[in-house]
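Hi,

Here is the structure I promised to pass on. Have a look at it first, and my notes follow below.

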Amino acid sequence: MVHWLSLRLFFNACGPDDGGENDGGGSNQEYPSTADVIRNAVKDIDGNKYDAVKIGNQVWMASNLRTTRYADGTNIPLGEATSYTDPYRYAPGKYQSNDSNMVNVPAYGYLYNWAAVMHGASSSDANPSGVQGICPKGWHVPSDAEWTQLTDYMKTRPEYMSSGNINNLAKALAATWGWKSSSDPDYVGYEPSTTYNATGFSALPAGGYYGGNYDDFGSYADFWSSTEYYSDYAWTRDLNDCHAGMTREDSFKNCGFSVRCVRD
């Protein structure tokens with residue numbers, strides 16, 4: 001069976017390749033009036049500060065995690081290969097090296113494999129997950145159930161729906177820059193609209209690291225959960241420039257994806 005991540009290497013052509021580097025970051029992020037923002041809500045062990053947004057009863061980081069160490073001070077190695085068991089972080093970007101992509105980390109955060117995300121914790125689908133993992137003290141890795149809570153809440157709020165469709169939630173989660181363009185008004189890659197980033201979640205297309213290669217920078221925002229799917233797979237959520245919704249996927253644990261933490 002060919003996994004969906006492999007297919008993405010070949011079928012990812014929704015619009016012109018105008019996504020790319022931007023000097024913006026969490027500290028410079030602008031939010032719409034619809035967002036319930038908590039400025040400088042948390043600081044990681046490296047001193048990076050993150051805004052947060054309250055969406056329903058949850059409080060989410062409003063930018064991708066970019067720490068190089070766990071809260072206990074343990075280093076997270078910079079990776080040049082994939083692994084199911086050894087924790088690694090990767091710098092996201094268009095190029096096939098961490099050094100070349102490092103300029104993107106302040107805005108896009110790092111990509112992490114599942115071993116790095118979990119920091120030795122067991123899979124959890126509890127709500128809340130109870131897995132601090134890679135997150136700062138007082139915050140945790142969201143479970144699959146917590147991601148579902150987020151989208152279920154958004155489906156009750158018309159201001160988060162594109163074209164009034166309860167499944168068209170992607171634009172309300174996506175940052176207003178960095179995405180490749182699309183011609184469909186309900187897709188993330190279409191020009192900014194009233195629903196763009198309405199939640200303040202500010203998702204950026206950091207792409208992923210899998211199979212030993214970087215791909216999808218400017219097209220996909222993939223986020224880990226603390227919930228295992230089966231053996232070498234864990235549940236993720238993704239947005240892409242060619243889709244109107246947030247998709248639930250089972251992804252290889254050796255891939256590198258973005259992390260958003262939720263407040264305990």
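In which sense do strand 9 and strand 10 pair, and over how many bridges? The pairing of strand 9 with strand 10 (residues 233–240) is antiparallel, over 7 bridges. Strands here are DSSP runs of E with at least two residues, helices are runs of H or I with at least four, both numbered from the N terminus, and two strands pair if DSSP finds at least two bridges between them.

Before going on: this is a predicted model, where local features need pLDDT of at least 70 and side-chain atom pairs count only at pLDDT 80 or more, while totals for chains, interfaces and linings use all residues. Residues are numbered from 1 along each chain as its sequence is written, and side-chain values use heavy atoms, leaving out hydrogens and water.

Back to the sheet: it is open, has 3 strands in the order 9-10-11, and its pairing is antiparallel. Strand 9 (220–230) and strand 11 (247–252) are at the edges with a single partner strand each, so one side of each has no neighbour in the sheet. Within strand 9 and strand 10, A221 stands opposite L239.

Then there's the largest nonpolar core (buried Ala, Val, Leu, Ile, Met, Phe, Trp, Tyr and Cys joined through side-chain atoms within 4.5 Å; buried means under 20% relative accessible area with a 1.4 Å probe, protein chains only). It has 28 residues, and L65, Y112, I134, W139, W224 and V259 touch the most other members. Helix 4 (114–118) is among the elements that supply at least two residues, and its 4 residues are the largest share. Another core, of 27 residues, lies apart from this one and includes L150 and L173.

Cheers

Conventions: Buried < 20%, exposed > 50% of the residue type's maximum accessible area, 1.4 Å probe, protein only.
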